[in-house]
Amino acid sequence: MSDLAPIQPSPDAVLSCTGVRRSFPVGDRRLAILHGINLELCAGERLALMGTSGAGKTTLLNILGLLDRPTEGSVTVAGMDAWALSARRRANLRNEKIGFVFQFYHLLPELSALENAVLPAMIKLSRGAYRSGRSAFMDRATDMLTRFGLADRLGHRPSQLSGGEQQRIAIARALLLDPPILIADEPTGNLDRATGERVLEILLDEQSERGVALMLVTHDERLAKRCERVLYMEDGLIQADSSAPMPT
Ligand SMILES: Nc1ncnc2c1ncn2[C@@H]1O[C@H](COP(=O)(O)OP(=O)(O)O)[C@@H](O)[C@H]1O
Ligand SMILES: [Mg+2]
């Protein structure tokens, strides 16, 4: 199937994009990076995205995670056409439906580990509702961080924590509101091998226990083999999906 052919999103898709292009202004020209991407992520599935550096993986993930707007094309999250919504509704959709784990964690430096993990609840709830609902979310974040081996790090700031610890907090933050979609952009790319493996086990365990759909960018073939579907990206296009059934 050509990447440029229109697709009908399947009813199982929790996240999809159609005809996505992205270009960036460079001087007085525009540099085209994504050339028309059609993709869908089904509920609960584990999808790996691979490809050489510079292929456009991060650009695509940022678009799927509603952190960046495509130059052309649409992104549908939990049945909603994200860019047809107001900025406020889109921000709520992103906060509730998508957990994002970045290569470089992106924790807020002035907040503690526990406060970072509970941040999506602070954003979701109004100030009054947060005051009354706060302790339930604090408990939930504490439970998760404890499960991730961070029980004695709850009050630490990110600068007092190792990379692996920071990434475990970022995973807890991504899962706090039980989103149906988890997007992870080389989540172990900045960690040593042993630490990376520990973080990955946490990520994959939580993914399968919760049945959250995972889209994972990785360079690790062994990890890709643990995913149900592997897509390869090259020069701003998804190559043929070798795991999809052949047309008859
Ligand atoms: N804001 C930007 N402005 C100009 N070029 C960009 C911008 N963001 C990314 N690019 C370019 O897009 C290409 C793809 O980048 P990226 O999506 O980060 O690739 P990958 O994650 O696959 O390594 C790179 O050539 C990069 O330089
Ligand atoms: Mg990248």
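This report walks through the cores, the open sheet and the helix packing of a predicted model.

## Two nonpolar cores

Start with the largest nonpolar core, which has 43 residues. Within it, Leu145, Ile171, Leu176 and Leu182 touch the most other members. Quite a few elements chip in with two or more residues: the helices are H3 (113-124), H4 (127-147), H5 (163-175), H6 (193-210) and H7 (221-225), and the strands are E3 (46-50), E7 (181-185) and E8 (213-217). There's also a second, separate core of 33 residues, with Leu41, Leu47, Val77 and Trp83 among them.

Leu176 is a good place to zoom in. Setting aside neighbours within four places in sequence, Leu176 is in contact with Ala117, Val118, Pro120 and Ala121, and also with Phe137, Arg140, Ala141 and Met144. As a general point, nonpolar side chains tend to be buried together in soluble globular proteins.

## A buried serine in E1

Ser23 sits in strand E1, which covers residues 13-26. Is Ser23 buried or exposed? Its relative accessible area is 11%, and the cut-off for buried is under 20%, so Ser23 counts as buried. Beyond four places in sequence, Ser23 is in contact with Arg30, Leu31, Ala32, Ile33 and Thr71.

## The open sheet

Now for the sheet: 6 strands line up as E6-E7-E8-E3-E9-E10, in an open arrangement with mixed pairing. The edges belong to E6 (98-101) and E10 (237-238), each of which pairs on one side only.

At the E10 end, strand E9 (residues 229-234) pairs with E10 in the antiparallel sense, over 2 bridges. Glu234 stands opposite Leu237 of E10.

Over at E6 and E7, two helices lie across the strands. Helix H2 (residues 87-97) runs at about 70 degrees to E6, while H5 runs at about 170 degrees to that strand.

## H5 against H6

H5 also packs against H6, with an angle of about 15 degrees and axes 9 Å apart. Angles under 35 degrees count as roughly parallel, so that label fits H5 and H6. Their crossing is right-handed.

Which residues make this contact? On the H5 side they are Gly164, Gln167, Arg168, Ile171 and Leu175. H6 answers with Thr195, Arg198, Val199, Ile202, Leu203, Glu206 and Arg210. Ile171 has turned up before: this residue is also one of the four that touch the most other members of the largest nonpolar core.

Terms used
Residues are numbered from 1 along each chain as its sequence is written. Chains are lettered from A and ligands numbered from 1 in the order in which they are written. This is a predicted model: local features need pLDDT of at least 70, side-chain atom pairs count only at pLDDT 80 or more; totals for chains, interfaces and linings use all residues. Side-chain values use heavy atoms; hydrogens and water are left out. A nonpolar core is a set of buried Ala, Val, Leu, Ile, Met, Phe, Trp, Tyr and Cys residues joined through side-chain atoms within 4.5 Å. Buried means under 20% relative accessible area, exposed over 50%, partly exposed in between (1.4 Å probe, protein chains only). Helices (H or I, at least four residues) and strands (E, at least two) are DSSP runs, numbered from the N terminus. Contact means heavy atoms within 4.5 Å. Two strands pair if DSSP finds at least two bridges between them. Axes are lines fitted to C-alpha atoms, for helices over the stretch in contact, and angles run from 0 to 180 degrees between N-to-C directions. Angles under 35 degrees count as roughly parallel, over 145 as roughly antiparallel, 65 to 115 as roughly perpendicular and the rest as oblique. A crossing is left-handed if the near helix is turned anticlockwise from the far one by less than a right angle, and right-handed if clockwise.
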